[in-house]
Amino acid sequence: MGISRFVLLVFTISMLASPALSDLVLSKVDRRIYLTSHIVRISSTLEVENAGPETVSKVLLAFPDLQAQNLAYLMASPHEAKAKVKGLTVGASFTFDVLAVFTHALRPMPEQIGQADIQLVLYRDSAYYLSPYVVKVQSLSLKLLDSRIESYTTLESTKVQGSEIKYGPYENLPAFSSSPITVHFENNLPFAIAQELVREIEISHWGNVLVTEHYKLIHGGAQSKGEFSRLEPQARENVQGPSAVRYLVAHLPPRAHSVYYRDAIGNISTSHLRGDSKKTELLIEPRYPMFGGWRTAFTIGYGLPLQDCLYESEGRRFLNITFSSPMIELVIDTLIVKVVLPEGSSDISAAAPFFMKQWQETKISHLDIVGRAVVVLEKTNLVPEHNQYFQVYYKFNRLSMLREPLMLISGIFFFFVACIVYMHADTSISKFSASYLAKQQWEEVRVAIQQVHNIICRCLATHDKLEASLRDLSRTGEVQACKAARKSTDGLLKELSKELKPLMTFLQSSPSAVQVLSKVEELVAKERELLEKLMAKHSTAVEAYEKKSGARDIENRIALQQQKITALRQEVDDLLEFIDEI
Amino acid sequence: MSNSSTSDLLKPFKLKTKQQELLIRVSILCLVYILAFITRLFSVLRYESMIHEFDPYFNYRTTLYLTQHGFYDFWNWFDYESWYPLGRIVGGTLYPGLMVTAALIYRLLHFLRFAVHIREVCVLTAPFFASNTTLVAYFFGKEIWDSGAGLVAAILIAVCPGYISRSVAGSYDNEGVAIFALLFTFYLFVKAVNKGSLAWGLASAFGYFYMVSAWGGYVFIINLIPLYVLVLLITGRYSMRLYVAYNCMYILGMLLAMQIRFVGFQHVQSGEHMAAMGVFFLMQVFYFLDWVKHMLSDTKLFQEFLSITVTCAVAAGGIALGVGAASGYISPWTGRFYSLLDPTYAKDHIPIIASVSEHQPTAWSSFMFDFHILLFLFPAGLYFCFKRLSDATIFIVMYGLTSMYFAGVMVRLILVATPAVCLISAIAVSATVKNLTVLLRSKNKVAQIGSTKGTSSAKASSKASLDQSQPFQKNGAMALLFGAFYLLSRYATHCTWVTSEAYSSPSIVLAARGAHGNRVIFDDYREAYFWLRQNTPPDAKVMSWWDYGYQITAMGNRTVIVDNNTWNNTHIATVGRAMSSYEDEAYEIIRSLDVDYVLVVFGGVTGYSSDDINKFLWMVRIGGGVFPVIKEPDYLVNGEYRVDKGAAPKMLNCLMYKLSYYRFGEMMPEYGKPPGYDRARGVEIGNKDIKLEHLEEAFTTSNWIVRIYKVKPPNNRW
């Protein structure tokens, strides 16, 4: 890769032969040009020999001006995997491979075609390898699709074998020699070009990496002209619109989930997702088949498990993810990759395998206070070969993860606190207005009634005690214990009625208690009556026991009183309930 | 022992009856609030979070503009993309309430740092407001009857199909918030009348302002409230409370409503608002008379004074109205208003109103469909209201009766009647259930006493039934209660079914069952609109029937000639004329309108029946209404509308026919039928050899539902 960057800077044909350059000789050049898609790939094997007096450590590669503009990717590697040389000593030779990938190198000809026509394209190159060095032996082969070849330049020793055109071998050509050739052939493959692709990779330390890709796509082949017809593609599917982009295939990482496919106006329902352990294949159809020159725009998105792309080294975390689009055979004119790091990341740096523009932004997303740091990378003219891994390093404290849930919790907490404060706060403006005073008085009355209620309840509890003592009496026959109980309850009740008195006088005096006063008074009266009845019953029972009358006899005597007591008790209970609800 | 100890333990947590009731009430309300929201989410689950139908697309587009450009730009927005070449002053011709509400919710969420998309806010605005409406219904029910009726009203309105039809998720239309505003205003006004407090009157004025900003239906409020006041005055229920409430609401409400540009001075100038003003003056006369009565002790003298003043006041009012109308200061009633009072008016005079299906008179079946048991509970509720007449019940009775009348006139006004029907039915349900449970509970108490006595429960119940004078009362009450619950549960299932089957389709995406029972989606509309957006020049002008105007501008982002804001009848008639002329004549019109693309909707392949061929007669009628060259009989054969071989020659060669059926004659849409068999109308088309001279097919969607034609430039003359 080091070579590629260097050569990109020095490719030029205007460079005149200098002594250092002429020292090298290309003893054998073997070029294979693949014209099997709309991306042109030239793979060359070069054998370089040092014919000069010094050790050489650099080799220059040259490209014609026409191609240089379209060069997207250049890669040189030694032909034999293990061979490694520091410099080329005098007389030594070395073989290496060069892969050059070009975009927009095929020109449609004719430039406009009807919907049913096939698409013909033109490719231009030189039959001779363009090099600042002398080339001893060279050959060229062009690999086309298995389809019609409209025309091609015939030179000496040109052969056509099936879908392959061969030029050469040519021997002993001087530096910078060239001989233009043109191939005109059928290529119906869809020329899908993304004019702009924005990839947003958002990291959440809660376990997800969200990838969103916004495409602006154009069919870069021959322009469509004339009338559109829906009839023919439906009737004779194979004949019609051969060069139209009908679908695109994306190879997503194996554990991709939550995949979606939509555009500015909603979901697009035509897509298929197949997955296995090695990859996830997403097949998407644009809303309409794209003929030459037609555009579309869409967004795909998917989630990846965090542990598949996030690693740690030397106290820093790094994201390791592919750089370019997962679509196959897609040319991208401008690619912008945004890596959104979690809020609170620091010490950020990006490492990419090739040169590109870089800067940082902030993005405000869910529950952010200062915004998330975004690393933005921009590169133009990309081909699938660029789809390599790149890394973004950053430092992130695990505790920062808790920030957002805590914010939510505290938000809800403060909301409830505010509600409680509002419920308890006195929001009235005037403290002396009649309604405010009335409200306050009513509040006091309510408290008093509550107290009355409590006292009556306690009275009733003592009644229960009396009843219990009676039951004990009937079981054990201990008259003395029963009498003692009676005495203690008497004392208690007296105290209670003492407590009741000031409350009653308050209620009688208070003007706001008028509506409820009658009920309260009734309650007190009934309670008193109940007590009297109860006492009477108690006395009768105790008396009867003292006289040692029979159980049946006692029951008969009590029964009448008992009925009255139950009725009274019921009334008191009802009244209590009523007062309780004030 | 253990029993008593646990009860002792729980004693501090034991709630009083009142607290228990409050807890139950609040939890029911919360559940109803959630229910009202989630029952409207069918379409989001079945399709996606998207905007439905036609008008919501305009609202969505304007909301987007509001959030992107701010309020002042929105207010001053002149839209070049619609009504080409006239344009539309958007800020001055819409009710901004909905957009402002959605934008405020959006801002609030963003302020709280929830980075939601404005589309999600728009989609969920209607369900959110429906939930709020249930709360208002509860308070309203509580105000007019009791809290039980309020609860029932909240439950009924939460799932009532009549309301759901306009408030499902994605139906981002004015009605979504307007029903909330309407009910809220009414509630506040009734509260103000009951309390006679200035604060509630003020609140109702603001509620009215919100309603005016949200929907043209505010005219209903400004006519119903004066009518109600008038009824109170006539029935001798005039009070100081009423005086305060109405004056405050009217004066402040009027001033506030004038701030909405679309309403402006209509409040004092248009005939529709005059009733409110008349009642306002009448109130002053009443007040004055009251004062005079107070001052004069002589009743006879007062009677004379009364007759003189009333005559004078009525005469002055009549003269003022006459002069105003004659001088043109007071504008007469609009066509829409007339068509409400006289259902046949629109059919004869304004075909553009009559052409909309939701403006048709309501069929009985749709009452049944939208109200179900409420239709029977409504009269029962009226009976209970009359039994316990108060200011509040008079209001709800009047609201119910008037809105029921309007619901009968126009299908879409069922929506306005729904809250009233729900409230009145809730009174019926609540009163009935309450009476029945009182019967049941009184017996239970007797039974309880019996059990405390220690006798066996069987004995107690037999004793209890012996005590009763009517032996089968309890059983009868039981049976009636079960009946009521059965009916209510039927209502709930019916509502859910209706919501899921009828009211949750976005109508922009069509779904059908395929041959193998699988779900087939026809997404042709969006396919076509997105094609327009991507593959036509940004300044291209698209001509289509007005139904699709809003969608084309919102989704296709292209200029249209006419759209769903049918403010210029002539312009629409021109398009109608172009569609119903021969291609040569149509081309002249198309050139004069500077049209680049013509879009038609065609359902012949899929059997989609609401396409342009079925709407075509309205185009002819509307076109013919302005341009007498177009005559409806030319397109009919013996008064019959047909597209097959027997169709009228003008029909077979008009532009709409040609554009719809272009190259359709070569197609076999259905196996076993001849080519050119129109599945929407079930006939073989009459003209299979269609040649286009001035237009060419630019795009047709995969199911042929939308077809777009490009207008060719004129031929060189030499």
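Q: A salt bridge is a side-chain nitrogen of Lys or Arg within 4 Å of a carboxyl oxygen of Asp or Glu; which side chain of chain B meets A:Arg287 in a salt bridge?
A: This is a predicted model, where local features need pLDDT of at least 70, side-chain atom pairs count only at pLDDT 80 or more, and totals for chains, interfaces and linings use all residues. Residues are numbered from 1 along each chain as written, chains are lettered from A and ligands numbered from 1 in written order, and side-chain values use heavy atoms, without hydrogens or water. Across the interface of chain A and chain B, the rule picks up two salt bridges. For A:Arg287, with N to O at 3.2 Å, the partner is B:Asp523.

Q: How many residues of chain B are in contact with chain A?
A: Contact means heavy atoms within 4.5 Å. Chain A brings 33 residues to this meeting. On the chain B side, the count is 33.

Q: What area is buried between chain A and chain B?
A: Buried area is the accessible area (1.4 Å probe) that two parts lose on being put together, summed over both. For this chain pair, carbon and sulfur atoms give 51% of it. The total comes to about 3200 Å².

Q: Which helices give two or more residues to the side of chain A that touches chain B?
A: Helices (H or I, at least four residues) and strands (E, at least two) are DSSP runs, numbered from the N terminus. That side of chain A, home of A:Arg287 in its salt bridge with B:Asp523, draws two or more residues from each of the strands S17, S18 (266-267) and S21 (295-305). The helices that do so are H4 (231-235) and H10 (551-580).

Q: Which residue of strand S17 in chain A has a positive phi although it is not a glycine?
A: Strand S17 runs over residues 257-263, and it also gives two or more residues to the side that touches chain B. The backbone oddity in S17 has a phi of about 45°. The residue is A:Ser258.

Q: Where in chain B is B:Arg113?
A: B:Arg113 isn't a glycine, yet its phi is positive, at about 65°. Its place is a loop, not a strand or a helix, and the loop is flanked by two helices of chain B. Those helices are H6 (97-111) and H7 (118-144).

Q: What is the omega of the cis peptide bond from A:Met109 to A:Pro110?
A: A:Pro110 sits in the loop between strand S5 (107-108) and strand S6 (112-113) of chain A. The bond leading into it from A:Met109 is cis. Its omega is near 0°.

Q: Which residue comes before B:Pro85 in a cis peptide bond?
A: B:Pro85 is in the loop between strand S1 (78-79) and strand S2 (88-89) of chain B. The bond into B:Pro85 has omega near -5°. The residue on the other end is B:Tyr84.

Q: Which three residues in domain 1 of chain B lose the most area to domain 2?
A: Domain bounds come from an automatic or database assignment, which gives chain B a domain 1 (18-270 + 331-429) and a domain 2 (521-711). The two bury about 2400 Å² between them, with 64% of it from carbon and sulfur atoms. Three residues together account for 34% of what the domain 1 side buries. They are B:Trp83, B:Tyr84 and B:Ile352.

Q: How many residues of domain 2 of chain B are in contact with domain 1?
A: The C-alpha centres of these domains are 36 Å apart. Domain 1 puts in 23 residues. Domain 2 puts in 29.

Q: Which element gives the most to the side of domain 1 of chain B that touches domain 2?
A: There's one salt bridge between these domains, and B:Glu48 pairs with B:Arg526 at 3.0 Å between the closest N and O atoms. Helix H4 (55-69) and helix H19 (351-354) each supply at least two residues of the domain 1 side. With four residues, the top contributor is H4(B).

Q: How many residues does the contact take from domain 2 of chain A, on the side facing domain 1?
A: Chain A splits into domain 1 (24-186), domain 2 (192-225 + 242-402) and domain 3 (434-581). The centres of domains 1 and 2 are 33 Å apart over C-alpha atoms. Domain 1 supplies 24 residues to the contact, and domain 2 supplies 22.

Q: Which strand gives the largest share of the side of domain 1 of chain A that touches domain 2?
A: Domains 1 and 2 of chain A bury about 1800 Å² between them, 56% of it on carbon and sulfur atoms. The rule finds two salt bridges there, and A:Arg41 forms one with A:Glu329, with N and O at 3.2 Å. The elements giving two or more residues to the domain 1 side are strand S3 (71-78), strand S4 (93-102) and S6. With three residues, the largest share comes from S3(A).
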